[in-house]
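Biologist: I should like a close look at a single part of this model, namely a helix and what surrounds it. Please set out the packing, the ring pairs and the surroundings in one connected account.

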Amino acid sequence: MPVHTSESSQDHRGRGVGLGLALASALAFGGSGVAAKPLIEAGLDPLHVVWLRVAGAALLMAPVAVRHRALLRSRPALLAGFGLLAVAGVQACYFAAISRIPVGVALLVEYLAPALVLGWVRFVQRRPVTRAAALGVVLAVGGLACVVEVWSGLRFDALGLLLALGAACCQVGYFVLSDQGSDAGDQAPDPLGVIAYGLLVGTAVLTVVARPWSMDWSVLARTADMDGTPVAAGLLLGWIVLVTTVLAYVTGVLSVRRLSPQVAGVVACLEAVVATVLAWVLLGEHLSAPQIAGGAVVLVGAFIAQSSAPARGAAEPAAGGGEKELSARGTAA
């Protein structure tokens with residue numbers, strides 16, 4: 001029995017670390033908007049900001065890519081899929097969507113990803129999901145509807161909604177591919193190597209889409225206005241690259257390895273709450289009562305989904321998460 005107790009305690013610690021990493025990732029990703037918006041208002045095209053973000057992160061992670069160059073031979077499909085879906089796909093689809101439909105609608109549709117992850121587990125992998133995990137997703141999505149105040153500007157645009165759904169599907173790819181190889185033990189692909197090559201692939205794809213040679217580079221040498229406070233554009237770009245991209249992807253992928261795609265996906269919904277709160281504090285975009293209530297609902301949903309994870313060795317449905325579920329589950333690249 002002491003062995004079982006030790007394994008259970010270790011499993012709980014592992015899930016605790018995974019939850020902390022997922023929260024750190026949501027906080028980091030959520031900080032991108034408050035830094036990107038002043039740059040866009042200063043004269044940069046949104047796609048150019050995305051390209052700078054991904055290309056800068058790829059440059060910083062290039063030494064890691066060289067160190068893990070063996071991945072090019074052993075996991076080419078994983079690297080290509082991560083770059084196309086988790087990096088370029090999410091960014092390009094989301095920014096294209098908000099050019100046609102309200103930001104709130106696009107964000108809500110994108111964060112249907114946790115529900116789509118459950119659909120992947122249930123209908124593609126044919127594994128059962130816990131009612132608690134499903135309830136957590138429902139609460140999180142419902143709370144997000146309040147956070148982004150989806151009712152304030154809804155207008156139907158078939159292509160815009162399709163693009164937002166594309167961003168959601170790409171985000172599913174991010175969570176599923178982040179978990180790829182977790183059942184391979186010591187042979188699992190190094191997550192930092194996967195991120196590094198994903199950023200390189202994403203940069204190549206976004207270069208074709210964003211055409212950075214047409215960008216007004218002089219904007220980066222000036223200051224940008226953040227709610228009346230001038231901030232160096234270079235400083236904002238550094239925050240976007242270092243924190244909201246490199247740190248966000250690293251902590252996000254590591255969290256999926258320790259939790260599960262579906263649980264990490266629900267926790268990632270907190271990104272919208274973080275983004276809204278930061279916009280309130282730094283950009284003067286105040287929260288309404290429904291947004292505050294919605295943020296609380298998102299937190300409750302994320303907690304319910306995470307706390308439904310069974311201990312190691314428990315014969316529970318897949319959506320509960322846990323390290324045993326990761327080692328038993330085969331995910332597709």
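Modeller: The account below begins with the chain as a whole and then turns to helix α5 and its surroundings.

This is a predicted model, in which local features need pLDDT of at least 70, side-chain atom pairs count only at pLDDT 80 or more, and totals for chains, interfaces and linings use all residues. Residues are numbered from 1 along each chain as its sequence is written, and side-chain values use heavy atoms, with hydrogens and water left out.

The protein chain has 15 helices and two strands; helices (H or I, at least four residues) and strands (E, at least two) are DSSP runs, numbered from the N terminus. Of its 333 residues, 52% are buried, where buried means under 20% relative accessible area, exposed over 50% and partly exposed in between, with a 1.4 Å probe and protein chains only. Among contacts (heavy atoms within 4.5 Å) between residues at least 6 apart in sequence, 84% join residues at least 24 apart.

Helix α5 spans residues 76–97 and packs against helix α9, residues 158–178, at an angle of about 150 degrees, with the axes 8 Å apart. Axes are lines fitted to C-alpha atoms, for helices over the stretch in contact, and angles run from 0 to 180 degrees between N-to-C directions. The angle therefore makes α5 roughly antiparallel to α9; angles under 35 degrees count as roughly parallel, over 145 as roughly antiparallel, 65 to 115 as roughly perpendicular and the rest as oblique. The crossing of the two helices, α5 and α9, is left-handed, a term used if the near helix is turned anticlockwise from the far one by less than a right angle, with right-handed used if clockwise.

On the α5 side, the residues in contact include Leu78, Gly81, Phe82, Leu85 and Gly89. Their partners in α9 include Gly160, Leu163, Ala167, Cys170 and Tyr174. By class, this contact of α5 with α9 has 15 nonpolar, seven polar and no charged residues. Here Ala, Val, Leu, Ile, Met, Phe, Trp, Tyr, Cys and Pro count as nonpolar, Asp, Glu, Lys and Arg as charged, and the others, Gly among them, as polar.

The structure holds six aromatic pairs. Rings of Phe, Tyr and Trp (its six-membered ring) pair if their centres lie within 6.5 Å; planes under 30 degrees apart count as stacked, over 60 as edge-to-face and the rest as tilted. Phe82 and Tyr174 have ring centres 6.2 Å apart and planes at 50 degrees, so this pair is tilted. The pair links distant parts of the chain, with Phe82 in α5 and Tyr174 in α9, 92 residues apart. Both Phe82 and Tyr174 are buried.

Phe82 also pairs with Tyr249, edge-to-face, at 6.3 Å centre to centre and 65 degrees between the planes. Because Phe82 lies in helix α5 and Tyr249 in helix α11, this pair ties together parts 167 residues apart in sequence. Tyr249 is buried, as is Phe82. Ring pairs link Phe29, Phe82, Tyr174 and Tyr249 into a cluster.

Helix α5 also holds Gln91, which counts as buried because its relative accessibility is 9%. Leaving aside neighbours within four places in sequence, Gln91 is in contact with Val50, Arg53 and Tyr249. Among these partners, Tyr249 also belongs to the ring cluster.
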